[in-house]
Amino acid sequence: MNKLYIGNLSEDASPVELESLFEEWKIPHAGPFLVKAGYAFVDCPDEKCAMKAIDALSGKAELHGKVIEVEHSVPKRQRSRRLQIRNIPPHMQWEVLDGLLAQYGTVESCEQVNTETETAVVNVKYGAKDQARLAIEKLNGYQMESYALKVSYIPDEMATQPPPQAHPLAGRRGFGPRGPPRQGSPGGGARPKQQSDVPLRVLVPTQFVGAIIGKEGATIRNITKQTQSKIDIHRKENAGAAEKPITIHSTPEGCSAACKTIMEIMQKEAQDTKFTEEIPLKILAHNNFVGRLIGKEGRNLKKIEQDTDTKITISPLQDLTLYNPERTITVKGTIEACAKAEEEVMKKIRESYENDVAAMNLQSNLIPGLNLNALGLFPPSSPTMTPPMMAAPPAGAGAAAYPSMGISFLWCLDVLSVLFLSPRSQQPPESETVHLFIPALAVGAIIGKQGQHIKQLSRFAGASIKITPAEGPDAKQRMVIITGPPEAQFKAQGRLFGKLKEENFFGPKEEVKLEAHIKVPSYAAGRVIGKGGKTVNELQNLTSAEVVVPRDQTPDENDQVIVKITGHFYSSQLAQRKIQEILSQVKRQQQQKATPSGQPQLRRK
């Protein structure tokens, strides 16, 4: 969109004067200036030139004594819920901007745009068009720290496409469309469906993987093209295993179509190879969703079985581990029946996921000032937007099996459910100490003027936060000691990660990765490592954080050693919580051993 609107023009303004103004600022334009009474339009050759004109001229340049306004030209039919806000003060706090935007409606997303200007630019999406219209009316010209905000619509490109099958006389009296449009017709006005945040995960017998891929990948490419999906076959996982997981990313319809095609390929391969065993459909789903799939007294599952004429079983809870939270849903029946069952099962799974997202958002609002959306904890409303601070988890990483959002929502679910949604124990949670290492250059920003920022952060999080002195004049890192219960750790560390991103200590496309140290009793270090390093390796696969227990450590005066965790905010948080779970298990076992064997334990009557 490179067409510009030039407003607040004097009636005496002419195309020649506007052309001279653009030449003076060395801004190219692609056509003549169309001047009307009080405003004008002009085309720019590209978006970069359009942005240069807006930044250089709007609110700054004068013609005939009037300061002109320059912004993207957006026809009424293209005005959407999305706005671009420019000229934001470079050191503006995210929470201040969030609070301002929230005054005019529900903000679904707020993404910073990379520009060459000193001031910041963000793209904002509101929950409704009237909210966006109110925001643009109130915020255009709004003064923030001596900067006047500039707000314009981001056009809805879909609105420019006319229905291709519209009647040639549509719009004239008596020639409007009759009756409701046919399902799926272009004139129906239905929006294209977005990729689901929850992909479909299935298990297939290893011997059929080659047939699914096809010669030089031809078969899998064909499936991908026909169903408009992205399919990951995790061949390298669990070497020698009888089954391999496949992850399908697409719309719900695309996932189902790809799944059905894969079942048909397996059936044909079984016939060709005279494989006589039944090949059921096996769907993988996170345990957090399975209870709601089953329903009270198994009613939901029974209904799906009856409606689709299938037999469905779910793997037992005993098969779950700390590092594999997925259950296997086995569906038996014809291919048609299994395909219908898959649609119903995944519909329930996705409903549960969406309800959990809503619950997490609600709970996050109970923590004033903690901008979880800015940290990338919740999936963005558009699949094309990726949270700037987060990285996709490695393929096949246990709970991290939902990477379509840029970061697995299940990580958030695992940690936030512990912090906010779990039933509260009557006993207050134990205080924890975490050493977080930040760039030495960031210390001033974290402390703030006269220590105001770090004091506010400490009060907000309910944690003790101290920055240790530098180890030497050339030290590149400083250690921040955070002491407080799990919720306080979450809030304090979240704010620190966010502050480093806001203050540009990490690049626009660079995720914030920090090193954290946890001290554990020396006798528990082996449990964190596991036999042959199994536990620590699984922990790294699950969280996408680097977890290291340095060898040959000398325990300190409290008989403790260090565990190092390096990763982005959520991977670090999940690793910390999992390690604390291990320590709690060890502590309980130690307490049980300390109870004298012959002494009866007190019981409540």
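**Figure 1. The whole protein holds 17 helices and 24 strands.** This is a predicted model. The protein has 605 residues, and 45% of them count as buried. Its accessible surface comes to about 32800 Å². Carbon and sulfur atoms hold 49% of that surface. Now take the contacts between residues at least 6 apart in sequence. Of these, 68% join residues at least 24 apart. The close-ups below pick out single sites and helix pairs.

**Figure 2. Two cysteines, C255 and C338, each lie too far from the closest cysteine sulfur for a bond.** The structure holds 0 disulfides. A disulfide needs two cysteine sulfur atoms within 2.5 Å. For C255, the closest cysteine sulfur belongs to C259, and the distance is 8.9 Å, so no bond is counted there. For C338, the closest cysteine sulfur is again in C259. That distance is 8.5 Å, also too far for a bond. Are these two cysteines buried or exposed? C255 is buried, with a relative accessible area of 0%. C338 is buried too, at 3%.

**Figure 3. S256 sits in helix α7, which spans residues 252–272.** The relative accessible area of S256 is 11%. S256 counts as buried because that value falls under 20%. Which residues does S256 touch, leaving out those up to four places away in sequence? The partners are E342 and E343.

**Figure 4. E19 belongs to helix α1, residues 15–24.** E19 is partly exposed, at 34% relative accessibility. Leaving out residues up to four places away in sequence, E19 touches H29 and F33. Look at the pair E19 and F33. They stand 14 residues apart in sequence. In space, their C-alpha atoms are 7.4 Å apart.

**Figure 5. Q228 has a positive phi, near 55°.** In general, most residues other than glycine have a negative phi. Q228 is not a glycine, yet its phi is positive. Where is Q228 found? The residue lies in the loop between α6 (218–227) and β14 (230–233). Q228 is exposed, with a relative accessible area of 70%.

**Figure 6. Q450 also shows a positive phi in a residue other than glycine.** The value is near 55°. Q450 is placed in the loop between α12 (443–447) and α13 (452–461). Is Q450 buried or exposed? At 70% relative accessibility, Q450 counts as exposed because the value is over 50%. The helix α13 that follows this loop returns in the next view.

**Figure 7. Helix α13 crosses helix α14 (residues 486–502) at roughly 145°.** The axes of the two helices come within 8 Å. The crossing is right-handed. Which residues make the contact? From α13 come H453, L457, F460 and A461. From α14 come A488, K491, A492, R495, L496 and K499. Sorted by class, the contact has 6 nonpolar, 1 polar and 3 charged residues.

**Figure 8. Helix α16 (residues 534–543) packs with helix α17 (residues 569–594) at an angle of about 145°.** Their axes are 9 Å apart. α16 passes α17 in a right-handed crossing. On the α16 side, the contact uses T535, L539, L542 and T543. These meet S571, L574, A575, K578, I579 and I582 in α17. What is the make-up of this contact by class? There are 6 nonpolar, 3 polar and 1 charged residues.

**Figure 9. P555 lies in the loop between β23 (546–548) and β24 (560–567).** P555 is partly exposed, with a relative accessible area of 35%. Setting aside residues up to four places away in sequence, P555 touches S522, Q560 and V561. One of these, Q560, falls within the range of β24. Now compare P555 with V520. The two residues are 35 places apart along the chain. Their C-alpha atoms are separated by 9.6 Å.

Definitions and conventions
Residues numbered from 1 in each chain as written. Predicted model: local features only at pLDDT ≥ 70, side-chain atom pairs only at ≥ 80, totals over all residues. Heavy atoms only, no water. Buried < 20%, exposed > 50% of the residue type's maximum accessible area, 1.4 Å probe, protein only. Helix = DSSP H or I, 4+ residues; strand = E, 2+ residues; numbered from the N terminus. Contact = heavy atoms within 4.5 Å. Areas by Shrake-Rupley, 256 points an atom, 1.4 Å probe, with all protein chains shown as cover. Axes fitted to C-alpha atoms, helices over the stretch in contact; angles between N-to-C directions. Left-handed = near helix turned anticlockwise from the far one by under 90°. Nonpolar A, V, L, I, M, F, W, Y, C, P; charged D, E, K, R; others polar.
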